[in-house]
Amino acid sequence: MNDLDVQKQIRQMVAFIEQEANEKAAEIDAKAQEEFAIEKDNLVNQQKQKILQFYQRKEKQIELQRKIQQSNLQNQSRIAILKAREDLIQQLRQQAIDRLSLISNDETEYKQLLTNLIAQAFFRLIEREVIIKCREKDINLVNHAVEAAIGLYKNAIKKDVKVTVLNNAFLAQDIAGGIEAYNSDGKIKINNTLEARLDMLFYQMIPEIREKLFGRNKSRVHDN
């Protein structure tokens with residue numbers, strides 16, 4: 001083999017090696033591009049998933065805040081309605097209190113009412129001695145009413161009662177009327193002022209008043 005043949009063979013071998021190298025490089029490059037594309041897709045998908053999860057959490061938070069705000073508004077509305085209703089009921093109570101002062105204007109009816117209030121105090125105390133306190137301006141009416149109340153009490157339970165109407169201590173002059181009754185040592189008290197009787201009746205009737213003003217509460221199972 002002469003030098004030309006050797007050189008030719010060398011050139012062919014070099015060309016083959018270069019071709020193999022180029023093919024291998026192309027293969028490596030293609031594989032790298034493929035792996036890069038896959039990795040890029042994975043990263044993009046991961047970021048998309050993170051973004052999606054972020055906005056899903058935000059959406060849930062916004063929905064929760066909306067529900068909380070809606071619940072707060074509903075509660076505020078219910079509280080406002082309840083307060084308005086309570087204010088109206090208290091206005092009715094105050095109107096009734098204002099009208100109490102008219103009761104004592106009719107002396108005959110007021111004297112009969114005092115008799116009933118005093119007799120009721122006797123029946124509740126069941127004491128041999130009772131002390132009565134009244135407004136200073138009612139002292140004469142109360143003295144007469146006491147005699148009538150004693151008669152009612154004696155006829156009902158066949159027992160006597162000694163009554164002292166205080167003439168040195170009185171109920172406040174700005175109340176509408178009525179009496180307070182005590183046992184002999186003052187430890188037991190019966191409050192039968194007109195205001196006290198009105199309050200007792202008023203609070204007993206609140207369920208009925210509410211129903212007449214606002215209708216029956218559908219969620220109420222038992223009446224108070």
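These are my notebook entries on what I looked up in this predicted model.

**Ground rules**

I number residues from 1 along each chain as its sequence is written, and I leave out hydrogens and water, since side-chain values use heavy atoms. Local features in this predicted model need a pLDDT of at least 70 and side-chain atom pairs count only at pLDDT 80 or more, while totals for chains, interfaces and linings use all residues.

**Overall form**

I began with the secondary structure and found four helices and four strands, where helices (H or I, at least four residues) and strands (E, at least two) are DSSP runs numbered from the N terminus. Read along the sequence, they follow the pattern α-α-β-α-β-β-β-α. I then looked up the radius of gyration, which is 49 Å, well over the 17 Å that the globule rule gives for 224 residues, so the protein is more spread out than a compact globule. This radius is taken over C-alpha atoms, and the globule rule is 2.2 Å times the number of residues to the power 0.38. Along its principal axes the C-alpha trace spans about 165 × 35 × 35 Å.

For the surface I noted an exposed area of about 16,800 Å², of which carbon and sulfur atoms supply 52%; accessible areas come from the Shrake-Rupley method with a 1.4 Å probe, and for residues only the protein chains shown count as cover. Buried residues make up 21% of the 224 residues, where buried means under 20% relative accessible area, exposed over 50%, and partly exposed in between (1.4 Å probe, protein chains only).

**Helix α1 and Arg93**

Helix α1 (residues 3-100) has 98 residues and reaches 142 Å from its first C-alpha to its last, close to the 146 Å expected at 1.5 Å a residue. The expected span is 1.5 Å times one less than the number of residues in the helix. Which residues of α1 are buried? I found Ile89, Arg93 and Leu100, and these buried residues pack against α4.

I looked longer at arginine 93, which is buried with a relative accessible area of 18%. Leaving aside residues up to four places away in sequence, Arg93 touches Leu198, Asp199, Phe202 and Tyr203, where a contact means heavy atoms within 4.5 Å.

**Helix α2 and the core**

The 19 residues of α2 should span 27 Å at 1.5 Å a residue, and its end C-alpha atoms are 27 Å apart, which agrees. The buried residues of α2 include Tyr110, Leu114, Ile118 and Phe122, and its buried residues pack against β1, α3, β2 (162-165), β3, β4 (189-193) and α4.

I next looked up the largest nonpolar core, which has 28 residues, with Ile118, Phe122, Ile132, Val142, Ile179 and Ala181 making the most contacts inside it. Such a core is a set of buried Ala, Val, Leu, Ile, Met, Phe, Trp, Tyr and Cys residues joined through side-chain atoms within 4.5 Å. The elements that give two or more residues to this core are α2, β1 (129-134), α3, β3 (178-183) and α4 (194-214). Isoleucine 118 touches, among others farther than four places away in sequence, Ile132, Val142 and Ile179.

**Aromatic pairs**

How many aromatic pairs does the structure hold? I noted four, counting rings of Phe, Tyr and Trp (its six-membered ring) whose centres lie within 6.5 Å, with planes under 30 degrees apart called stacked, over 60 edge-to-face and the rest tilted. Phenylalanine 123 and tyrosine 153 form a tilted pair, 5.3 Å centre to centre with 55 degrees between the planes. This pair links distant parts of the chain, 30 residues apart, with Phe123 in α2 (residues 107-125) and Tyr153 in α3 (residues 139-157). Phe123 is partly exposed at 34% relative accessibility, whereas Tyr153 is buried at 1%.

Phenylalanine 202 and tyrosine 203 form an edge-to-face pair, 5.5 Å centre to centre with 90 degrees between the planes. Phe202 is buried at 8%, whereas Tyr203 is partly exposed at 43%. Ring pairs also link Phe122, Phe123 and Tyr153 into a cluster.

**Positive phi**

Most residues other than glycine have a negative phi. I therefore marked isoleucine 126, whose phi is near 50 degrees, in the loop between α2 and β1, where Ile126 is partly exposed with a relative accessible area of 42%. Lysine 158 has a phi near 60 degrees, and lies in the loop between α3 and β2, exposed with a relative accessible area of 68%.
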